[in-house]
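Here is a walk through one protein model, a few spots at a time. Have the structure open and find each residue as it comes up.

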Amino acid sequence: MPYNKNMYTTGYYKEPGPKLDEESPFESMLERFRFAAEVLELDEGMFQYLASPVKQVTVSIPIVMDSGDIRVFEGYRVIHNNLLGPSKGGIRYAPDVTLEEVNALAAWMTWKCAIVNVPFGGAKGGVRVDPKQLSDGELERLTRRYTANMLEVFGPDRDIPAPDMNTNEQIMAWVMDTYSMNAHKTETAVVTGKPIILGGSHGRKEATGRGVVTVTLAALNKMGILPNKCTVAVQGFGNVGSVSAKLMYEQGAKVVAISDITGGYYNENGIDIPEAMEYAKNHDNSLEGYSEAEKITNEELLQLECDVLIPAAKEDQINRENAGDINAKIIAEGANGPVTANADSILEDKGIMVVPDILANAGGVTVSYFEWVQDRQGYFWTEERVNRRLNRMMRNAFDNLFEVRNQYDITLRQAAYVFGINKVAMTLKLRGLYA
């Protein structure tokens, strides 16, 4: 199948980061870090070590455009930490990406990998470019030159890229091929998120949504609510939202509302999710005109009385203005940053359990790890085995965070950072500093 540039925004296998403060993304990350450091009583030296990236690389990327002109782009790769293993993190192509943003996202990946017990450190990469303005050939040349400039950084035992904003499996295939040609051997494990024919993993399409459902079921169990007795509302019907809705439906839950950019669709008796997915598939991936449910707004969907609310659309959907009107018992963050920081205390006062994005949507990086393991072994798993192992790792991660939550009497979001940072700090103490 020929490469389709429109695949940028429809790739399934991404390792995205949270919404960060636009003025100072690294400070935004550090605010979360400082809270956990205070809880853990980290000394100043340990704090400085864990807050500082191991390596920051900035490169110039000259390419010949289709016109024959030469243009130079700027590329970045930040390795925040590699104490737990080789660093891991996506590459994003965006015209406004900055080194500070990449720094923050690399740190976030460190804690996320620690939380789900994946033996990786955190990294992130980026190129300042609008990929929509490039032809297929220009995009390939950009990717290959960026990779060539990072040959001493990348490696299956050093640093493993993956898709992120505006990158996809084709771009990962180019990264893998460029690295392999310079290594004089095919090295599939140098990237994840590749096409299956090149060593990608089965189960990746549903990985993030499946992870959301696994931790949702764990949260329901803690509250003593049976899946087949609960009601669910899902905001967003893209890959994560539709998969989450489908898997909850298969658990016997009553999915009373779904939505996309055209608005919300509510049926108190429950929506047939496979039917709704088929409708969207046949209508240009849109729910517009879906007649098996009452039309409501996305805002009204958030305020429905239900057991589980899965915001899987975009950031800042639940904020200080509407948090008091949320009537769910559990919020499982399928999207990145759907709940603003100033809404956290309101939801906590209402007794709503929020399963944070740093855990809830970690299915992608977990299956990234599975792909790397399979590539290293040269032995590939069935989708059933991938799903089974994903469910186990996500459930174990939830149980670990719940224990930390109870130990320190904090929220699950706070527990996520406390757990992740404590794991990396303990590893440093055991390994010591190389003189």
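## Buried or exposed?

Before we start, one definition: a residue counts as buried under 20% relative accessible area, as exposed over 50%, and as partly exposed in between. Keep in mind, too, that this is a predicted model.

Try the definition on Asp284. Is Asp284 buried or exposed? Its relative accessible area is 72%, so Asp284 is exposed. You'll find Asp284 in the loop between α8 (273-282) and β9 (294-296).

## Two residues with a positive phi

Asp284 has something else going on: its phi is positive, about 55°, although Asp284 is not a glycine. For background, most residues other than glycine have a negative phi.

Asn166 is another such case, not a glycine but with a positive phi of about 65°. Look for Asn166 in the loop between β5 (159-163) and α5. Here the surroundings are another story: Asn166 has a relative accessible area of 18%, so Asn166 is buried.

## The loop between α5 and α6

Next, go to the loop that runs between α5 (169-183) and α6 (207-222), where Glu206 sits. With a relative accessible area of 18%, Glu206 is buried. Glu187 is in the loop between α5 and α6 as well, and at 16% relative accessibility Glu187 counts as buried too.

A couple of distances help to place these two residues. From Glu206 to Val97 you count 109 residues in sequence, and the C-alpha atoms are 28 Å apart in space. Glu187 and Leu83 are 104 residues apart in sequence, with 23 Å between their C-alpha atoms.

## Salt bridges around Lys246

The structure holds 22 salt bridges. In general terms, side chains of opposite charge can pair when their charged atoms come close. Which residue does Glu206 meet in a salt bridge? The partner is Lys246, at 3.5 Å from N to O. This pair links distant parts of the chain, 40 residues apart: Glu206 is in the loop between α5 and α6, while Lys246 is in helix α7 (residues 239-250). Both Glu206 and Lys246 are buried.

Lys246 has a salt bridge with Glu250 as well, and there the closest N and O atoms are 3.3 Å apart. Glu250 and Lys246 both belong to helix α7, four residues apart, which is about one turn of the helix. As a rule, an α-helix has 3.6 residues a turn, so residues three or four places apart point the same way. Glu250 counts as exposed, at 51% relative accessibility.

## More salt bridges

Now for a pair on two strands. Asp307 and Lys329 form a salt bridge, with 2.9 Å between the closest N and O atoms. They link distant parts of the chain, 22 residues apart, with Asp307 in strand β10 (residues 305-311) and Lys329 in strand β11 (residues 327-332). Asp307 counts as buried at 8% relative accessibility, whereas Lys329, at 40%, counts as partly exposed.

Salt bridges can also be found in a network here: Arg92, Glu101, Lys124 and Asp164 are linked in this way.

## Helix α14

Helix α14 (residues 412-431) has 20 residues. How far does helix α14 reach from its first C-alpha to its last? The span is 28 Å, close to the 28 Å expected at 1.5 Å a residue. Just after α14 comes Gly432, with a positive phi near 80°.

Plenty of names turn up on the list of buried residues in α14, among them Leu412, Arg413, Tyr417, Ile421 and Leu428. Gly420 and Thr427 are also among the buried residues of this helix.

## Patches on the surface

To finish, turn to the surface. Glu268, Glu294, Glu299 and Glu300 form a negative patch there. One of its members, Glu300, lies in helix α9 (residues 298-302) and counts as partly exposed, at 43% relative accessibility.

There is a nonpolar surface patch to look for as well, formed by Val64, Ile70 and Val72. Together these three residues have about 290 Å² of accessible area. Val64 is in strand β1 (residues 55-64), and with a relative accessible area of 43%, Val64 is partly exposed.

Definitions and conventions: Residues numbered from 1 in each chain as written. Predicted model: local features only at pLDDT ≥ 70, side-chain atom pairs only at ≥ 80, totals over all residues. Heavy atoms only, no water. Patch = residues over 30% accessible without salt bridge, like charges linked within 9 Å, V, L, I, M, F, W, Y side chains within 5 Å. Areas by Shrake-Rupley, 256 points an atom, 1.4 Å probe, with all protein chains shown as cover. Salt bridge = Lys/Arg side-chain N within 4 Å of Asp/Glu carboxyl O. Lys, Arg positive; Asp, Glu negative; His and termini not counted. Charge placed at Lys NZ, Arg CZ, Asp CG, Glu CD. Buried < 20%, exposed > 50% of the residue type's maximum accessible area, 1.4 Å probe, protein only. Expected span 1.5 Å × (residues − 1).
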